[in-house]
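Here is a friendly walk through one protein model, from its overall make-up to a few backbone details. Have the viewer open as you read.

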Amino acid sequence: MERGLKYPLAQVVAYGPNSQVASKLVASIFPRPGPPSALRRWTSEGQDIRQNPAIMAEVNDFIASHHPAQTVHHNFIFGCPHEEGVDYPEGEECPRCPFWMNLDRLTLEPKSLVRPLTVEQILAGLSHQRPEPPLRLLAAVDLHREKLVGPFVQAVEHTLEHPNDAENAEAQLFCYALGFLGKWRAPQAFPLVHRWLSLPEEDALVLTGDLPLFWGARLLARTGGQEIAAIKQLIINSKASESGRCEGIEALALLVAQSEYAQAEAEDYFGWLMREGLSPDDSEAWEVLIEACIKIEAVTLFNDLRQRGEDLMDPFLLSEMKQVASEPRGARLARYREEAGPFEDLAVESRWAFFHEDWEADDDAFALDAGDDTFPPPFDEPYVPPQPYIAPPKVGRNDPCPCGSGKKYKKCCGA
């Protein structure tokens with residue numbers, strides 16, 4: 001039995017030449033589960049049919065005339081507007097809609113990794129909201145690296161120009177594009193990562209939520225081994241988000257672990273941050289600095305750190321400092337190097353909040369078959385244009401973890 005559906009049910013599905021523009025609407029009336037009792041189609045060329053007031057009025061009149069108990073509008077464009085077996089042969093792909101060739105119309109992932117994808121197909125797939133990482137699409141992106149660097153750079157630059165105006169799809173594409181540019185160590189990557197982490201707090205949170213806590217330091221370290229001065233600039237940039245500045249500190253520690261930044265130079269700089277570089281109000285940055293000193297075994301700085309006042313320091317960090325001092329030199333650094341790992345698998349790294357955990361596909365809804373037109377899982381909501389992403393309230397590193405474990409966020413889900 002279909003979950004959450006009320007009968008008689010009216011259902012409206014959009015089709016189009018690509019995933020952005022609808023050129024066909026199909027409205028169906030289901031008196032009960034099974035075939036529809038009434039069905040009507042509308043088509044339009046050029047303008048998105050959902051923006052045509054006259055056609056939308058006809059759709060509403062058609063639905064109202066059947067007095068449904070529930071009406072379901074699908075925002076998702078459900079594939080090509082042409083019908084298999086009518087407009088083109090059975091078992092083939094529509095020759096008039098190249099966008100859908102080799103794409104699963106529900107997931108926008110490639111059906112075959114052997115067949116090439118276009119830039120348009122990849123960008124659309126990476127912009128598509130989904131409940132889990134698109135593994136096949138992510139694999140396809142790596143196969144098309146040469147032709148994607150330019151479009152990825154353009155997508156990131158455009159979003160950085162207008163972070164507060166970025167829609168959900170743009171913000172998701174921004175994350176993927178920045179991640180791949182960093183993974184590939186594209187020459188254009190470091191300036192974009194640096195610019196992203198230099199955004200003011202409100203812009204950074206609106207655009208990517210807590211993504212800097214997961215990717216920031218690792219992307220800086222992967223792309224900025226020759227850009228130590230720029231990373232230091234980020235750390236002391238009072239206009240940047242504090243989380244972005246913290247990622248700069250962590251990036252320097254990572255570069256030490258990866259033998260791309262001299263231990264002695266890092267210790268000298270961290271000592272300067274303690275004496276002059278950080279304000280007493282930079283509480284989060286202070287804690288990250290202490291953690292970084294522990295990770296790279298900067299034992300010469302431990303006494304200075306303690307002088308800040310043991311009552312102001314996390315007891316756990318005090319305990320860690322004592323343990324590092326008692327361990328064989330290099331043991332903690334080796335563990336840190338192994339735990340950090342290379343930034344190479346975006347399927348593993350995809351941990352940001354754009355995957356909607358409450359999204360569930362209602363498999364029973366696929367039983368609603370309107371002849372040549374089939375339907376995706378229903379969402380009981382009217383069509384509305386995409387809205388800008390509003391980040392959830394930021395969870396500080398020292399705040400209780402939202403998962404309810406009782407641990408601090410940095411020691412639990414934010415680790």
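The secondary structure of this protein comprises 16 helices and four strands. The model is a predicted one. Of its 415 residues, 52% are buried. The accessible surface amounts to about 19600 Å², and carbon and sulfur atoms contribute 52% of that area. Among contacts with a separation of 6 or more, 65% are between residues 24 or more positions apart.

**A helix pair**

Let us look at helix α5 (residues 168-183) and helix α6 (residues 189-197). Their axes lie 9 Å apart, and the two helices pack at an angle of about 135 degrees. An angle of that value makes α5 oblique to α6, because it falls outside the ranges for roughly parallel, roughly perpendicular and roughly antiparallel, the last of which begins over 145 degrees. The crossing of α5 past α6 is left-handed. On the α5 side, the contact is made by Phe174, Leu178, Leu181 and Gly182, while α6 brings Ala189, Leu192, Val193 and Trp196. Sorted by class, this contact holds seven nonpolar residues, one polar residue and no charged ones.

**The buried side of α11**

Which residues of helix α11 (residues 263-277) are buried? They are Ala266, Glu267, Tyr269, Phe270, Gly271, Leu273, Met274 and Gly277. These buried residues pack against four helices: α9 (228-235), α10 (242-257), α12 (283-295) and α13 (302-306).

**Backbone details**

Most residues other than glycine have a negative phi, and most peptide bonds are trans. Against that background, a few places are worth a visit. Tyrosine 7 and proline 8 are joined by a cis peptide bond, with omega at about 0 degrees. Proline 8 sits in the segment before β1 (9-15).

Two residues that are not glycines have a positive phi, as tabulated here.

| Residue | Phi | Location | Relative accessibility |
|---|---|---|---|
| Histidine 67 | about 50 degrees | loop between α1 (53-64) and β4 (70-77) | 66% |
| Glutamate 297 | about 60 degrees | loop between α12 and α13 | 3% |

Are these two residues buried or exposed? Histidine 67, at 66% relative accessibility, counts as exposed, because the cut-off for that class is over 50%. Glutamate 297 counts as buried at 3%, since buried means under 20%. The loop holding glutamate 297 runs between α12 and α13, and both of these helices are among those that the buried residues of α11 pack against.

Notes: Residues numbered from 1 in each chain as written. Predicted model: local features only at pLDDT ≥ 70, side-chain atom pairs only at ≥ 80, totals over all residues. Heavy atoms only, no water. Axes fitted to C-alpha atoms, helices over the stretch in contact; angles between N-to-C directions. Parallel < 35°, antiparallel > 145°, perpendicular 65-115°, else oblique. Left-handed = near helix turned anticlockwise from the far one by under 90°. Contact = heavy atoms within 4.5 Å. Nonpolar A, V, L, I, M, F, W, Y, C, P; charged D, E, K, R; others polar. Buried < 20%, exposed > 50% of the residue type's maximum accessible area, 1.4 Å probe, protein only. Areas by Shrake-Rupley, 256 points an atom, 1.4 Å probe, with all protein chains shown as cover.
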